[in-house]
Each structure stands twice: as structure tokens, then as C-alpha cells.
Amino acid sequence: ITADGTSTRTLTVRLKDAQGNDLTAGGDTVTATRASGTGSVSTVTDNNDGTYTATVTAPTTTGSGTFAASVNGSALSSTATVSYVPGAADASTSTFGPASSSITADGSTTKLLTVRLKDAHGNSLTAGGDTVTITPNVNFVAGEQCSVTIFKDAVHDVDTDDSGPNADTLPANKVFTFTVS
């Protein structure tokens, strides 16, 4: 579920008798607790049909939580794990910049700029697919020669079809050169 502090997942305990048959009535004391990790769990609701439910609420950080239950004071042998994933990219928490702030002014040295997409809570996204637009904040002079390089090692696959013309690899760095008009 999304690590946003509000997303939830319902955990269900289904009670069975000694022969493995589902119980059809409530009345037992069932509790749920976080055994490890993060996230919070609500008190358990008796649905009066042999099932008991509790709600896990995600934290605002990615990770996971493992939850355990007990029936009438005896722990169940199985646990439930809930994973918390980043939400949608958020421009206000995402970062853009070079690894270092200086570059040699020799006309040929280059600097790799990196965009790190993060969700509204500062969690780094772990998959691609978002559209990123970089707008230079400089005053270009008409007639100025500019170039943009796409580094072959920085191209990453965002789909599963790599056949024929859909191949997502670059055999070499690609340089686009243009003149400011």
C-alpha cells in the first residue's frame, strides 16, 4: 500500500475448529499486534461469522510491517506482512542537480545532472515511467551552440517489450546539438 500515512489494508483472521472446518459464529477474543517493522494496526472487530478483521494503516515511510494475531491468548502460527511503497512523484520533494557543484570551465568537461523523483513524503520512487521536463534557467545568446548528451548507461528500461524496434538500449552515448535562435 502507499506509504502516505492514510492508506489502509484489512487483515482477516478466519477461525477453524480442530478438524479444519470454518467457524460460523463469533465470540472469541482475537487480538492483532505489529510484530516487527512499521505501520499501525487497529483493534480487532468480531464479524460474528467466524472472521475477525483489523485495519493496518501505512506510515509515511517506505518499508514493511509484520503483524501477528492471537486467539483467546494463543498466538497463531502465521503472520501477515504489509509492504509500504512510494506514492506518486511530487515536484516539491524531488531533487535535481549534479553530484558536485563545480565544473572545469574548459569548454569540454561535462557534468551529469540527476533527477531523483520522490513522493510527497520524501520517499524515493523505485520505478520509472514519469515524464520529466528540464527547463534551463539561463539566458542563452542567439547563435550560441548547445548540446545535450544522453548517456547510454543512464537509459533504463520502463517496459517489457524489448524486441525489434522496441529495444530500450543505446549502443553509444547520443549527442544532440542545436543552435539557439
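Asparagine 48 lies in the loop between strand E4 (45–46) and E5. The model described here is predicted. In it, asparagine 48 has a positive phi of about 60°, although this residue is not a glycine. With a relative accessibility of 56%, asparagine 48 counts as exposed, because the cut-off for that class is over 50%. Its C-alpha atom is separated by 6.9 Å from that of glycine 27, a residue 21 positions away along the chain.

A second asparagine with a positive phi is asparagine 72, where the angle is about 50°. Asparagine 72 is found in the loop between E6 and strand E7 (74–75). Its relative accessible area is 47%, and it is therefore partly exposed. Most residues other than glycine have a negative phi.

**Overall fold**

The protein chain holds twelve strands and zero helices. Read along the sequence, its pattern is β-β-β-β-β-β-β-β-β-β-β-β. The chain has 181 residues, and 18% of them count as buried.

**Salt bridges**

How many salt bridges does the count come to? The count comes to two. One of them is formed by the side chains of aspartate 22 and arginine 14, with an N to O distance of 3.7 Å. The side chain of aspartate 22 also meets that of lysine 16, here at 2.5 Å, N to O. Salt bridges that share partners thus join Arg14, Lys16 and Asp22 into one network.

Where do these residues stand between buried and exposed? Aspartate 22 is partly exposed, its relative accessible area being 39%. Arginine 14 is likewise partly exposed, at 37%, and lysine 16 is partly exposed at 48%. These values fall in the intermediate class because buried means under 20% and exposed means over 50%.

**The second largest pocket**

The second largest pocket contains about 240 Å³ of space. Its lining is made of 17 residues, and those nearest its centre are Thr12, Val13, Ala69, Leu76 and Ala80. Which strands each supply at least two residues of this lining? They are strand E1 (8–14), strand E2 (30–37), strand E5 (51–57) and strand E6 (63–71). By residue type, the lining divides into twelve nonpolar, five polar and no charged residues.

**A nonpolar surface patch**

Phe96, Leu113, Val115, Val132 and Ile134 make a nonpolar surface patch of about 430 Å². One of these residues, valine 115, has its place in strand E10 (residues 113–116). Valine 115 is partly exposed, with a relative accessible area of 31%. This residue can belong to the patch because patches are made of residues with over 30% relative accessible area.

**Contacts between separate parts of the sequence**

The table lists three pairs of residues by their separation along the chain and by the distance between their C-alpha atoms.

| Pair | Separation in sequence | C-alpha to C-alpha distance |
|---|---|---|
| Asparagine 48 and glycine 27 | 21 residues | 6.9 Å |
| Glycine 63 and proline 86 | 23 residues | 9.3 Å |
| Alanine 88 and leucine 125 | 37 residues | 7.9 Å |

Glycine 63, paired above with proline 86, has its place in strand E6. At 34% relative accessibility, glycine 63 counts as partly exposed. Strand E6 (63–71) is also one of the strands that each supply at least two residues of the lining of the second largest pocket, and the loop holding asparagine 72 lies between E6 and strand E7 (74–75).

Alanine 88 is in a loop, the one between strand E8 (80–84) and strand E9 (95–98). Is this residue buried or exposed? Alanine 88 is exposed, with a relative accessible area of 64%. Its partner in the table is leucine 125, which is 37 residues away in sequence and 7.9 Å away in space, C-alpha to C-alpha.

How values were computed
Residues are numbered from 1 along each chain as its sequence is written. This is a predicted model: local features need pLDDT of at least 70, side-chain atom pairs count only at pLDDT 80 or more; totals for chains, interfaces and linings use all residues. Side-chain values use heavy atoms; hydrogens and water are left out. A salt bridge is a side-chain nitrogen of Lys or Arg within 4 Å of a carboxyl oxygen of Asp or Glu. Buried means under 20% relative accessible area, exposed over 50%, partly exposed in between (1.4 Å probe, protein chains only). On a 1 Å grid over the protein atoms alone, a cavity is a set of points where a 1.4 Å probe fits but cannot get out, and a pocket is an open set with protein on both sides within 12 Å along at least five of seven lines; lining residues have an atom within 4 Å of a point. Grid points are joined across faces, edges and corners, and a volume is the space filled by probe spheres set on the points. Helices (H or I, at least four residues) and strands (E, at least two) are DSSP runs, numbered from the N terminus. Ala, Val, Leu, Ile, Met, Phe, Trp, Tyr, Cys and Pro count as nonpolar, Asp, Glu, Lys and Arg as charged, and the others, Gly among them, as polar. Patches are made of residues with over 30% relative accessible area and no salt bridge: like charges are joined within 9 Å, nonpolar side chains (Val, Leu, Ile, Met, Phe, Trp, Tyr) within 5 Å. Accessible areas come from the Shrake-Rupley method with a 1.4 Å probe; for residues, only the protein chains shown count as cover.
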